[in-house]
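Colleague: Got a minute to go through this one with me? I'd like to poke at the backbone oddities before anything else.

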Amino acid sequence: MRTDPGSVTATHCPYCALQCGMGLVPSPDGDAAAVAVVERPEFPVNRGALCGKGRTAPAVLSSRVRLTEPLVRTHATGALEPATWEEALDAVAEGLARVRRGHGPDAVGVFGGGGLTNEKAYALGKFARVALGTSQIDYNGRFCMSSAAAAHQRAFGLDRGLPFPLEDIPRTGCVILVGSNLAETMPPALRYLTELKENGGTLVVVDPRRTRTAEQADLHLAPRPGTDLALALGLLHLVVAEGRTDEEFIATRTSGWAEARAAAMAHWPEYVERITGVPVPKLREAVRMFCAPESAMVLTARGPEQQSKGTDTVGAWINLCLATGRAGRPLSGYGCLTGQGNGQGGREHGQKADQLPGYRKLTDPAAREHVAGVWGVPADSLPGPGRSAYELLDALGTGDGPRALLLMGSNPVVSAPRAAHIEERLRSLEFLAVADVVLSETAALADVVLPVTQWAEETGTTTNLEGRVLLRRQALAPPPGVRSDLDVLQGLAARLGPRFGQADLEKKFPTDPAEVFAELGRASAGGPADYAGIDYARIEREQGVFWPCPSAGHPGSPRLFLDRFATEDGLARFVPVAHREAGELPDAEYPLLLTTGRVVSQYQSGAQTRRVDELNRAAPGPFVELHPRLAERIGAVEGRPLAVVSRRGRAVAPARITDSIRADTVFMPFHWPGEGRANSLTNPALDPVSRMPEFKVCAVRVEPVE
C-alpha cells in the first residue's frame, strides 16, 4: 500500500461499519482498478490501519468485473441484453406502473441496502412513499442490527450503535464482547481490545467458537448457540446474589428494576449451566471481572442479535449494565457493533418499513406532518408501515404481496434466510428491477439491471457504528455507461410522474448529493437522529460529526446519556425478560446446531469481494467447521465434502476439522451462492419485536458426501 502524499482524495472504505479512513490516488493511465490506496493515520477510527478488503477495494472498480451498461431481458431470447439508459429506464417505469395500475400501490415493493449512502437511503425511502405511494419498503439492515436497535429503543429511548466513541474502549476496566469476532469482521478495531488489555483492563468473549478474537480473551465463555439470553440472565442473578448491584444508580436513573430483578432471579447458576453448557465457576468469574473495576462495557454483535429472541437477549445484557451502574457514565455502557458500511445511517432516514427520516415513527402524526412538509406533499398521502424485510421477500408474487420490486444494493438470493425459497419468490414476480454495481445472483434474475456508481465514483455520507457522520468524496469518474442511484430515481420519477398524475415529480428528486443531504437535514430536524447542524464542510473539518447535532453551533454528541437517557422521564428502562428456546431445537433427525458467520477475506453476500483475486486466494469458498469428535463419529475427513441438511435445504462444502468449536455445533460462512450457500439452511423464525430472522441457530444433520 502506498503512503506518498500525491494527489490524494480523502474517503472511507466501502465495507464494514468502521468506515475506515483511506486516501485514493488515481492511476496515471486512468485504470480504475489500479487506483492506489494510501493511509490516513490522522483519521481517529482506524488510524491508518486497513484490512485486506479495504486495501483491495479498488479492484471492484475495474470494468472487467463490474456492470458498465444497462441490461434488459428480451422476450425473444429470455436473456439479459445490453440496452441504452433510456430503454432501461423506460422499461422499469413501465413495469412498475403496469403493476401499480393493475393491483394498487402496495403491489410494488422496494428493497434497499445498508451499504447505500445516507443520501441514497433517504431518497429511496422518499421515492417509495412519494413517487410510488407504497408502504412496501424495507432493507437488508433488518437482517443485521434490528434486534439491538429495538432493545436500545426500549431501554434508552434512542438507538445509536455505540453511545460512545471507539476511543473509550481501551480506557474502560472490562469489556464483555458477545457474539462478535472482531479479528475477522473488523480487523482494525481489534487494536482497541489489545490496548484495553495493555492498560490493565480485562476482556470476556462470549462465542460458541474459539475464534481469533476469543483467543485474545482473559475469559472465553462458549455457550450453546441460542442460549445467550439465559447466560445474561444467569450473570445478572449472580450480580444480585453477590450484592454487586449499584442501588443508587438503580434508584436515581432507572425504572422497572423490581420486575427485571424477579425475572433474573429465576435463572440460578446451575440452571443456566444446564441450558448454556457454561460452568458455574466461569459464570462467577465473568461477574467478578465485570464488576471489579469502576467502569465496564458490554458490546454485542450478530451472535446474540440474529435470533428469534434477539431483542430480549440484548435487553438482558442491557439489564446487566443498568443493574451494575455501567451505563450513562463515562467509559461505561452497552453498545452494538453495527455491521454494514452504512448500517447505522441506513436505518435512520426512511428505508425501514416503519420509519421516516430522523428516526421518526411513521405512525406519529407530528412526524408525518413535518416530513410531508419538507417533501411538499399532504401528510395523509404518506402510506403507513409495511412489511419487514423477510416478510416482504416472503410475500413477493403472492396474492396480497408485491408483484413488482425495485431493489437497490442488496443480494437476498445469497443473504436472506431460507434462501432457496426467497429465490423462488423473486422468480415469481411479474417485474424485477435491480440497481447494483455488479451482476449479483439477485441481479441475474432481474428483468432490468441498472449499473450504478460505487463508493470511489460518487460523493455522499455514511454514518459509522459510533454515530459519526462521515463524508466520502468522489475520487474518479465512473465509466461512461454508469449512473448514480440518485440519477436513477430522478429518471424514474420523470417517467412515473405523468403516469401517476404528479407533475414535475422529478424535481422532488435532485441528483446533487449535497442538495439531498441538506434536505435530509431539514427532514431529520427535531427527530431523534437530528442531522440539521451537519454539512459536508463541517464533516471534513471535524473528521466526522456525531449525531444528534441539531444546529450549526452544536458540538455534536460523541457520548450519549451521561446526564439523562432519551426516554420521556430521562430514566433508563429495565425490561423483564426470561429464557426461551430457539425457534428450532435438535432432534433425532437433525441432531446438531448450525451457526453462521463471516471470514476475514469476504464480506456479506460476497457480491463484491468474490470478484477480487487476492481475497479469493485467501478465502476461496465455503466450508463446514466441526469438532474432531463429531468428525470421527460421522466419518468426516479434512477437506472432503460434507452435506449439511436442515428442514429448509441442503448445502455442501469441504470439512474443516478443529477443536475450536463445540462438539454439538457446526459453523458455515455465508458469503457464497450455489451448493455451498449457508442460507439455504437457515431458519426465518422472526423476533416478535425486531422481525429479525434466526440466522444464528438452526437444527441440522451432517453427513459425508460420497
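Colleague: Where does Phe-561 lie?

Modeller: Phe-561 is in the loop between β21 and β22. Keep in mind that we're looking at a predicted model.

Colleague: And what's its phi?

Modeller: Phe-561 has a positive phi of about 70 degrees, although it is not a glycine.

Colleague: Why bother flagging that?

Modeller: Because most residues other than glycine have a negative phi.

Colleague: OK. Which peptide bond around there is cis?

Modeller: The one joining Trp-547 and Pro-548, with omega at about 0 degrees. Most peptide bonds are trans. Pro-548 is found in the loop between β21 (545–546) and β22 (572–573), and Phe-561 lies in the loop between β21 and β22 as well.

Colleague: What about Leu-331, is its phi positive or negative?

Modeller: Positive, about 65 degrees, and Leu-331 is not a glycine either. Leu-331 sits in the loop between α13 (310–323) and β13 (333–336).

Colleague: Switching to voids. How many cavities are there?

Modeller: Five, counting those of 30 Å³ or more.

Colleague: How big is the second largest cavity, and what lines it?

Modeller: The second largest cavity has a volume of about 100 Å³. Its lining has 16 residues, and Pro-163, Phe-164, Arg-329, Ser-332 and Leu-560 lie nearest its centre.

Colleague: How does that lining split by class?

Modeller: The second largest cavity is lined by 10 nonpolar, three polar and three charged residues.

Colleague: Now the open space. What volume does the largest pocket have?

Modeller: The largest pocket holds about 710 Å³ of space. Its lining counts 30 residues, with Gln-153, Asp-354, Gln-355, Tyr-359 and Lys-361 closest to the centre.

Colleague: Which elements give two or more residues to that lining?

Modeller: α4 (146–156), β15 (360–361) and α15 (365–375). α4 gives the most to the largest pocket's lining, with five residues.

Colleague: And the classes for the largest pocket?

Modeller: Its lining residues divide into 11 nonpolar, nine polar and 10 charged.

Colleague: Since α4 came up, how does it sit against α13?

Modeller: The axes of α4 and α13 come within 8 Å and cross at roughly 45 degrees. An angle of 45 degrees is neither under 35 nor in the 65 to 115 range, so α4 and α13 are oblique to each other. α4 passes α13 in a right-handed crossing.

Colleague: Got another helix pair for me?

Modeller: Try α7 (residues 228–241) and α11 (residues 280–291), which pack at an angle of about 65 degrees with their axes 9 Å apart. The roughly perpendicular class runs from 65 to 115 degrees, so α7 counts as roughly perpendicular to α11.

Colleague: Is the crossing of α7 and α11 left-handed or right-handed?

Modeller: The crossing of α7 and α11 is right-handed.

Colleague: Sheets next. What order do the strands take in the five-stranded one?

Modeller: The order is β10-β9-β8-β12-β13, in an open sheet with parallel pairing. β10 (219–221) and β13 are the edge strands, each with a single partner strand, so one side of each has no neighbour in the sheet. Neighbouring strands of this sheet are turned by 15 degrees against each other on average, direction ignored.

Colleague: How many bridges join β8 to β12?

Modeller: Four bridges join β8 (residues 174–178) to β12 (residues 297–300), and the two strands run parallel. To pick out one pair, Leu-177 has Leu-299 in β12 as its bridge partner.

Colleague: And what about the sheet with three strands, is the pairing parallel or antiparallel?

Modeller: Antiparallel, in an open sheet ordered β1-β2-β3. β1 (9–12) and β3 (36–39) are the edge strands, and each pairs on one side only. The twist from one strand to the next averages 45 degrees.

Colleague: How many bridges hold β1 to β2?

Modeller: Four bridges join β1 to β2 (residues 21–25), and these strands run antiparallel.

Colleague: Which residue in β2 stands opposite Thr-11?

Modeller: Met-22 stands opposite Thr-11.

Definitions and conventions:
Residues are numbered from 1 along each chain as its sequence is written. This is a predicted model: local features need pLDDT of at least 70, side-chain atom pairs count only at pLDDT 80 or more; totals for chains, interfaces and linings use all residues. Side-chain values use heavy atoms; hydrogens and water are left out. On a 1 Å grid over the protein atoms alone, a cavity is a set of points where a 1.4 Å probe fits but cannot get out, and a pocket is an open set with protein on both sides within 12 Å along at least five of seven lines; lining residues have an atom within 4 Å of a point. Grid points are joined across faces, edges and corners, and a volume is the space filled by probe spheres set on the points. Ala, Val, Leu, Ile, Met, Phe, Trp, Tyr, Cys and Pro count as nonpolar, Asp, Glu, Lys and Arg as charged, and the others, Gly among them, as polar. Two strands pair if DSSP finds at least two bridges between them. Axes are lines fitted to C-alpha atoms, for helices over the stretch in contact, and angles run from 0 to 180 degrees between N-to-C directions. Angles under 35 degrees count as roughly parallel, over 145 as roughly antiparallel, 65 to 115 as roughly perpendicular and the rest as oblique. A crossing is left-handed if the near helix is turned anticlockwise from the far one by less than a right angle, and right-handed if clockwise.
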